[in-house]
2 protein chains.
Amino acid sequence: MVKPIELKSVCGCCTIRERCLPAGLSDEEVLVIDQYMEHRLPVKKGELLYSQGDPLEALFAISTGSFKTLILHEDGRSQITGFQLSGEIMGLDAISNERHVSDAMALEDSTVCKIPYDSFEELESEMSRLQHNFNKTLSSEIVKDHNLMLLLGSMRAEEKMAAFLINLSQRFHARQQSASELVLRMTREDMGNYLGLKLETVSRILSRFADEGLISVQGRHITLIDEKKLHSVTISA
Amino acid sequence: MVKPIELKSVCGCCTIRERCLPAGLSDEEVLVIDQYMEHRLPVKKGELLYSQGDPLEALFAISTGSFKTLILHEDGRSQITGFQLSGEIMGLDAISNERHVSDAMALEDSTVCKIPYDSFEELESEMSRLQHNFNKTLSSEIVKDHNLMLLLGSMRAEEKMAAFLINLSQRFHARQQSASELVLRMTREDMGNYLGLKLETVSRILSRFADEGLISVQGRHITLIDEKKLHSVTISA
DNA sequence: GTGAAATATTGATTTAGATCAAAGTTGATT
DNA sequence: AATCAACTTTGATCTAAATCAATATTTCAC
């Protein structure tokens, strides 16, 4: 009889291991991290994983599904700061003052892996590779945010929409999903909020792109038809 | 004769020590970090500390003066991602893929302290307090960026300008400078770029604020007169 | 100190996207 | 399968900010 190896390691056998926090770690290291985590907790569509003001207890990695994160202004306005897909880490903005400053809402029925932040910092000091990864994770978030600032600050509506679709396409592709058949999980209003546009503008521009043969639109199912042309929209008025 | 103590520790005696990377570290720890740094390197107004594409060699802390950081889009557009003051760390976005993705330009004659990134990561694994601080530093940058997204995505021009002035005022105040007498080091165009506005709009709104008695404007010297009213501009149309 | 270049202000006009409004469409729930 | 609520599309109109344009002012190099 063959002896089962590492039955206990959930991360070790996870299909997204190399696109998640344990990327590049040894099996032994992953096994250690594993012990501190809660794996694949279900979150129903529309549920909040955490909200503004909650004390930081843990970081979350998306196992399956997707989320939106948003911050609230005192006058009631909100800004969606990102749409997160599998392998992406949520809660990073809470490290700053040990309280969440954003809400994280599931866009579909999802599962997340949870690691207490205290444990995480301990593991970090024991595994320099984990520390290195985490610095990169945080830095990538900053780069991503800066790119969104460029989009929000200087792009026109069509350019924003094209950039958004291309970005989603690339991220789906990295997850072995189709790069051209996009199933959007967010509303037109969410897209607009994220891009600094009104929902009507989002709708109009999707229709226009469809008229021009760049994409086809059936509700939230969008097919990229001419990705090259779509890309050219993002770099020229 | 009195024996001088810790003559070698530059950070140890630095007036901004507690608002900089060594915040909260022991004198011994600071002394260690000190050995790896180059202190108070001068950077002339208009000079680039690093630019997009440069390999990440070091992180920089501003000792005196100020900088703007900006990213460039392939079509020539740019977005200023921040204005940095003393004690703030620059180069964080380069950790992600070990290359700078932004330019950092001195807005006035300035001095910076430089720490090689390799050394920094080693120090981090030896000093858990430093690691903790650095996680917070990176997270704060993310929070700051998210707030700018809210501004760029959903605020009107007047609200943006008011929020900008209040933010600068607070940061000057934290540095023992006047919270009401602001000496701006950036052009109207820089402000506009940062806020997603054109320079004419920046100029007009400053004039309007002055007409309404909220501020007074003499070129780049701006005095906040009615800060309460100014704040109310940021939370209501 | 002088002149040129860079920066800032103000006015007139235009326009991209917001707002207001009215149907459609989708999908969840009973 | 019917119903209701949430979401989406499309049209007409409005408006905040951009653009175009003309001076004014500041700054810096010589």
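Is Asp75(A) buried, exposed or partly exposed? In this predicted model, Asp75(A) counts as partly exposed, with a relative accessibility of 31%. The class follows because 31% is neither under 20%, the cut-off for buried, nor over 50%, the cut-off for exposed.

Asp75(A) also takes part in a salt bridge. Its side chain meets that of Arg77(A), with N and O 2.5 Å apart. Arg77(A) in turn forms a salt bridge with Glu159(B), at 2.6 Å from N to O. This second pair crosses between chains. Arg77(A) sits in the loop between strand S4 (67-72) and strand S5 (78-84) of chain A, while Glu159(B) belongs to helix H4 (residues 157-174) of chain B. Glu159(B) is buried, at 2% relative accessibility. A network of salt bridges links Asp75(A), Arg77(A), Arg156(B) and Glu159(B).

The interface of the two protein chains was examined next. In chain B, 46 residues are in contact with 46 residues of chain A. The size of an interface is often given as the accessible area lost when the parts come together. Here the area buried between chain B and chain A is about 4,200 Å². Carbon and sulfur atoms give 57% of that area. On the chain B side, the greatest losses of area to chain A fall on Arg77(B), His146(B) and Met149(B). Together these residues make up 15% of what that side buries.

Polar links also span this interface. Between chain B and chain A, 30 residue pairs are in polar contact. Four salt bridges are found across the interface. One joins Lys136(B) to Glu98(A), with the closest N and O atoms 3.0 Å apart. Several elements of chain B supply at least two residues each to the side that touches chain A: strand S5 (78-84), helix H2 (117-126), helix H3 (128-154) and helix H7 (227-234). H3(B) provides the largest share, 20 residues. By class, this side of chain B has 16 nonpolar, 19 polar and 11 charged residues.

Over all chains, the count of salt bridges comes to 28. One of them lies within chain B, where the side chains of Arg185(B) and Glu108(B) meet at 3.1 Å from N to O. The pair links distant parts of the chain, 77 residues apart. Arg185(B) is in the loop between strand S9 (181-183) and helix H5 (188-195), and Glu108(B) is in the loop between strand S7 (103-106) and strand S8 (110-116). Arg185(B) is partly exposed, at 38% relative accessibility. Glu108(B) is buried, at 18%.

Attention then turned to the DNA. DNA strand C is surrounded by 17 residues. The closest are Ala157(A), Thr201(A), Arg188(B), Ser203(B) and Ser207(B). Of the atoms of DNA strand C that come within 4 Å of the protein, sugar and phosphate account for 64%. By class, the surface near the strand has four nonpolar, five polar and eight charged residues.

Individual contacts involve both phosphate and base. A backbone N or O atom of Lys198(A) lies 3.3 Å from a phosphate oxygen of DNA strand C. An N or O atom in the side chain of Arg220(B) is 3.0 Å from a phosphate oxygen. The side chain of Glu200(A) places an N or O atom 3.3 Å from a base nitrogen of the strand. Helix H6 (199-211) of chain A and helix H6 (199-211) of chain B are the elements that give two or more residues to this surface. H6(B) gives the most, with five residues.

Key
Residues are numbered from 1 along each chain as its sequence is written. Chains are lettered from A and ligands numbered from 1 in the order in which they are written. This is a predicted model: local features need pLDDT of at least 70, side-chain atom pairs count only at pLDDT 80 or more; totals for chains, interfaces and linings use all residues. Side-chain values use heavy atoms; hydrogens and water are left out. A residue is near a molecule or strand if one of its heavy atoms lies within 4 Å of it. A polar contact is a pair of N or O atoms within 3.5 Å; within protein, one must be able to donate a hydrogen and the other to accept it, and residues adjacent in sequence count only if both atoms are side-chain atoms. Helices (H or I, at least four residues) and strands (E, at least two) are DSSP runs, numbered from the N terminus. Ala, Val, Leu, Ile, Met, Phe, Trp, Tyr, Cys and Pro count as nonpolar, Asp, Glu, Lys and Arg as charged, and the others, Gly among them, as polar. Contact means heavy atoms within 4.5 Å. Buried area is the accessible area (1.4 Å probe) that two parts lose on being put together, summed over both. Buried means under 20% relative accessible area, exposed over 50%, partly exposed in between (1.4 Å probe, protein chains only).
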